[in-house]
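The following exercises concern the packing of helices in a protein model. Please work through each task before reading its solution.

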Amino acid sequence: MLDVGLTGGIAAGKSAVAARLVELGAVLIDADAIARQVVEPGTPGLMRIVEAFGTDVLDDAGRLDRPRLGQVVFADAQARERLNGIVHPLVRAEAARIRDNATVGEAPGHPVIVVQDIPLLVETGQAGSFDFVVTVQSPREERIRRMVADRGMTAEDAAARMAAQATDAERAAVSDVVLENSGTTAQLRSAVDELWTNRLLPAAALAVAGTTGEDA
C-alpha cells in the first residue's frame with residue numbers, strides 16, 4: 001500500500017485532482033466529507049461543539065450551521081484551535097479505519113494507493129505520516145475569484161479563509177510533487193495522469209515489493 005497525502009489551499013483545485021485519482025484507481029479518503037459526518041446530529045462531535053460554542057451554531061433543525069460557525073472561528077485563532085481540537089481527532093480516527101480496510105478484496109500484490117484528501121495537512125503536522133505528499137496550487141487571484149463565484153463569499157471573506165491556512169511555500173516545503181493549477185481542466189487532468197503513471201504507480205509497486213520481501 002502507498003499512503004498519499006493530498007493537500008492544497010481553499011479553491012486551489014484539490015477536489016478535481018482527487019476525482020481524477022479515483023478515476024485512475026486510487027482509494028480516496030476525504031477529510032472534508034468525514035468532518036461533516038462526525039458532526040451530524042446526535043454525534044459526540046456535535047455535542048462537543050455545542051458545549052464549546054453554544055447553541056447559536058445550530059440551525060433550526062438542530063444541525064451544525066457551518067457558515068455561522070465559520071464566522072466565529074475564522075475571526076478568532078483560539079476559537080479555531082478549539083474547534084480543530086474537537087474535530088481533527090475524530091476525522092483521523094475514521095480515516096484510519098477506512099485506510100485499514102482499503103485492501104479488503106484486493107488481489108495479493110496489487111499496488112493499493114490510498115489518497116487522503118486533507119486541506120489542513122500542513123497546519124496539523126501530518127505530512128510525515130505519508131509516503132508521498134502532493135500539493136495543488138493555484139494563483140491567489142484565481143482562488144478568490146472561484147470562492148466569490150462558486151461559493152458566494154465576499155472577496156474579504158475569501159482572503160480571510162486563505163490567510164487562516166498555510167502558505168504555498170509552507171505546503172511546497174513538505175511536498176514531493178506540486179501540481180500547478182493555473183491552466184485548463186484538461187491540463188490539470190493531464191498533470192495528474194503523469195503523476196499517477198510516472199510517480200505513484202512505481203512508488204506503490206516498490207511499497208508492495210518491500211512488504212512481500214521481494215527485491216526492489
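The model is predicted.

**Exercise 1.** State which residue follows H3 and describe its phi.

*Solution.* Helix H3 spans residues 44-53. H3 is followed by Gly54. The phi of Gly54 is positive, near 90 degrees.

**Exercise 2.** Determine which residues of H3 are buried, which are exposed, and how the buried ones are placed around the axis.

*Solution.* Step 1: with under 20% relative accessible area as the cut-off for burial, the buried residues of H3 are Gly45, Leu46, Ile49 and Phe53. Step 2: these buried residues cover an arc of only 95 degrees around the axis, and therefore lie on the same side of H3. Step 3: an α-helix has 3.6 residues a turn, so residues three or four places apart point the same way. Step 4: Pro44, Met47 and Glu51 are exposed on the other side of H3. Step 5: the cover over the buried residues of H3 includes H5 and helix H4 (66-73).

**Exercise 3.** Describe how H3 and H5 are packed, and classify the residues of their contact.

*Solution.* Step 1: the axes of H3 and H5 (residues 77-100) lie 10 Å apart, at an angle of about 165 degrees. Step 2: angles over 145 degrees count as roughly antiparallel, so H3 is roughly antiparallel to H5. Step 3: the crossing of the two helices is right-handed. Step 4: from H3, Gly45, Arg48, Ile49, Ala52 and Phe53 take part in the contact; H5 contributes Ala79, Arg82, Leu83, Gly85, Ile86, Val87 and Leu90. Step 5: the residues of this contact comprise eight nonpolar, two polar and two charged.

Notes
Residues numbered from 1 in each chain as written. Predicted model: local features only at pLDDT ≥ 70, side-chain atom pairs only at ≥ 80, totals over all residues. Heavy atoms only, no water. Axes fitted to C-alpha atoms, helices over the stretch in contact; angles between N-to-C directions. Helix = DSSP H or I, 4+ residues; strand = E, 2+ residues; numbered from the N terminus. Parallel < 35°, antiparallel > 145°, perpendicular 65-115°, else oblique. Left-handed = near helix turned anticlockwise from the far one by under 90°. Contact = heavy atoms within 4.5 Å. Nonpolar A, V, L, I, M, F, W, Y, C, P; charged D, E, K, R; others polar. Buried < 20%, exposed > 50% of the residue type's maximum accessible area, 1.4 Å probe, protein only. Arc of directions from axis to C-beta.
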